[in-house]
Amino acid sequence: MCPMQPLAQLDREAWRFINSVSVITVCVDGVVNAMSAEWCAPVSLKPPLIGVFVGEERFTRPLIERAATFGVSLLAEDQAWIGRACGRYSGRAVNKIEAFRIPIEPAHYIEAPLIAGAAAQFECRVVDRRAYGSHLLVVGEPLRAVGNPAKRAIAYSRGRFYALGTEIPVDESVLEAQLLEGERR
Ligand SMILES: Cc1cc2nc3c(=O)[nH]c(=O)nc-3n(C[C@H](O)[C@H](O)[C@H](O)COP(=O)(O)O)c2cc1C
């Protein structure tokens with residue numbers, strides 16, 4: 001068996017986390033930008049809240065610091081290229097949506113567009129912001145949340161995109177038996 005090894009450098013390459021891939025869209029004073037985010041996840045069910053962590057060097061950072069709303073589009077299996085385009089290039093240098101012809105559609109409640117054809121889309125109102133080291137956590141309440149049942153979200157780990165693989169079955173009856181045995185002891 002391969003022994004555990006110290007994660008000497010806690011950077012993206014060293015981490016073993018697996019995340020979904022969202023594209024965060026913002027529109028402030030007519031400037032529209034789209035940024036890939038793997039650090040984007042639900043933070044509460046009641047009320048529904050979504051959090052995204054935005055690094056200090058991102059062009060998105062000063063925009064989302066001022067934005068009242070933002071969009072979250074969960075990328076689907078045919079959209080890894082969008083994750084790469086919006087995650088490798090900065091809106092500071094290029095209008096990514098135009099240059100890469102990113103498919104967008106207007107949102108219902110927010111100014112920023114959403115990624116068309118995504119697995120799910122959320123239109124969020126900013127309810128909180130808090131800086132944690134290099135990243136700013138922006139928490140949003142979805143004003144509208146829609147999903148496409150025909151599309152599957154993708155995963156991202158250590159710089160690569162993946163489709164979800166084989167389900168790993170868990171035998172619940174073994175757990176229940178262990179629980180009963182523990183109670184008897
Ligand atoms: C798949 C993927 C996920 C990423 N996730 C995040 C993230 O969660 N937070 C973040 O700040 N940057 C993340 N990045 C890096 C930014 O997307 C990248 O620096 C991007 O160029 C920033 O765009 P902007 O300068 O236009 O805001 C990610 C990059 C990729 C490719």
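**Exercise 1. Which residue is the bridge partner of Thr25 in S3?** Describe the pairing around it.

Solution. The structure is a predicted model.
- Step 1: the bridge partner of Thr25 in S3 is Ala34.
- Step 2: this pair belongs to an antiparallel arrangement, in which 7 bridges join S2 to S3.
- Step 3: S2 and S3 form a hairpin with 2 residues between them. Asp29, in the turn, has a positive phi of about 50°.
- Step 4: S3 is mostly covered, with 5 of its 7 residues buried.

**Exercise 2. Describe the open sheet that contains S1, and find its edges.**

Solution.
- Step 1: the sheet has 3 strands in the order S1-S11-S12, with antiparallel pairing.
- Step 2: strand S1 (19-20) and strand S12 (160-162) each have a single partner strand, so they stand at the edges and one side of each is left without a neighbour in the sheet.
- Step 3: S1 is joined to strand S11 (residues 155-157) by 2 bridges. Within S11, Ala155 is the bridge partner of Ser20.
- Step 4: the loop between S11 and S12 holds Arg158. Arg158 has a positive phi of about 50° although it is not a glycine.
- Step 5: Arg158 counts as exposed because it has 11 C-beta neighbours inside 10 Å, and the cut-off for exposed is 12 or fewer.

**Exercise 3. Locate the largest nonpolar core and place Val52 in it.**

Solution.
- Step 1: the largest nonpolar core has 36 residues. Those with the most contacts inside it are Val23, Ile24, Val52, Phe70, Val72 and Leu75.
- Step 2: the elements that give two or more residues to this core include strand S2 (22-28), helix H1 (60-66), strand S6 (69-74) and strand S9 (120-132). S3, S5, H2 and S8 are also on that list.
- Step 3: leaving out residues up to four places away in sequence, Val52 touches Ile24, Ala37, Trp39, Cys40, Val72 and Val138.
- Step 4: as background, nonpolar side chains tend to be buried together in soluble globular proteins.
- Step 5: for the protein as a whole, 27% of the 185 residues count as buried.

**Exercise 4. Characterise the shell around the ligand.**

Solution.
- Step 1: the shell has 23 residues, of which Trp39, Thr60, Gly87, Ser90 and Gly91 come nearest to the ligand.
- Step 2: strand S3 (31-37), strand S5 (49-55) and helix H2 (80-88) are the elements that give two or more residues to the shell.
- Step 3: by residue class, the shell divides into 10 nonpolar, 8 polar and 5 charged.

**Exercise 5. Compare the settings of Tyr109 and Leu136.**

Solution.
- Step 1: Tyr109 lies in the loop between strand S7 (104-105) and strand S8 (114-115), whereas Leu136 lies in strand S10 (residues 135-147).
- Step 2: Tyr109 counts as exposed because it has 12 C-beta neighbours inside 10 Å. Leu136 has 19 such neighbours and therefore counts as partly exposed.
- Step 3: beyond four places in sequence, Tyr109 touches Glu123, Leu143 and Arg144. With the same exclusion, Leu136 is in contact with Phe53, Val54, Arg61, Glu65, Arg129 and Ala131.
- Step 4: Tyr109 and Tyr89 are 20 residues apart in sequence, and their C-alpha atoms are 27 Å apart. Leu136 and Glu105 are 31 residues apart along the chain, with their C-alpha atoms separated by 27 Å.

**Exercise 6. Check the length of helix H4 against its residue count, then its burial.**

Solution.
- Step 1: H4 (residues 172-184) has 13 residues and should span 18 Å, because each residue counts for 1.5 Å and the count is reduced by one.
- Step 2: the end C-alpha atoms of H4 are 19 Å apart, which agrees.
- Step 3: H4 is hardly covered, as the count of buried residues in it is 0.

**Exercise 7. Examine the backbone at Pro47 and Arg101.**

Solution.
- Step 1: most residues other than glycine have a negative phi, and most peptide bonds are trans.
- Step 2: the peptide bond from Lys46 to Pro47 is cis, with omega near -5°. Pro47 sits in the loop between strand S4 (40-44) and S5.
- Step 3: Arg101 has a positive phi, near 50°. Its place is in the loop between helix H3 (96-99) and S7.
- Step 4: Arg101 counts as exposed because it has 9 C-beta neighbours inside 10 Å.

Methods. Residues numbered from 1 in each chain as written. Predicted model: local features only at pLDDT ≥ 70, side-chain atom pairs only at ≥ 80, totals over all residues. Near = placed C-beta within 6 Å. Helix = DSSP H or I, 4+ residues; strand = E, 2+ residues; numbered from the N terminus. Nonpolar A, V, L, I, M, F, W, Y, C, P; charged D, E, K, R; others polar. Buried ≥ 20, exposed ≤ 12 C-beta atoms within 10 Å, placed from the backbone. Contact = placed C-beta atoms within 7 Å. Pairing = 2+ DSSP bridges. Core = buried A, V, L, I, M, F, W, Y, C linked by C-beta atoms within 7 Å.
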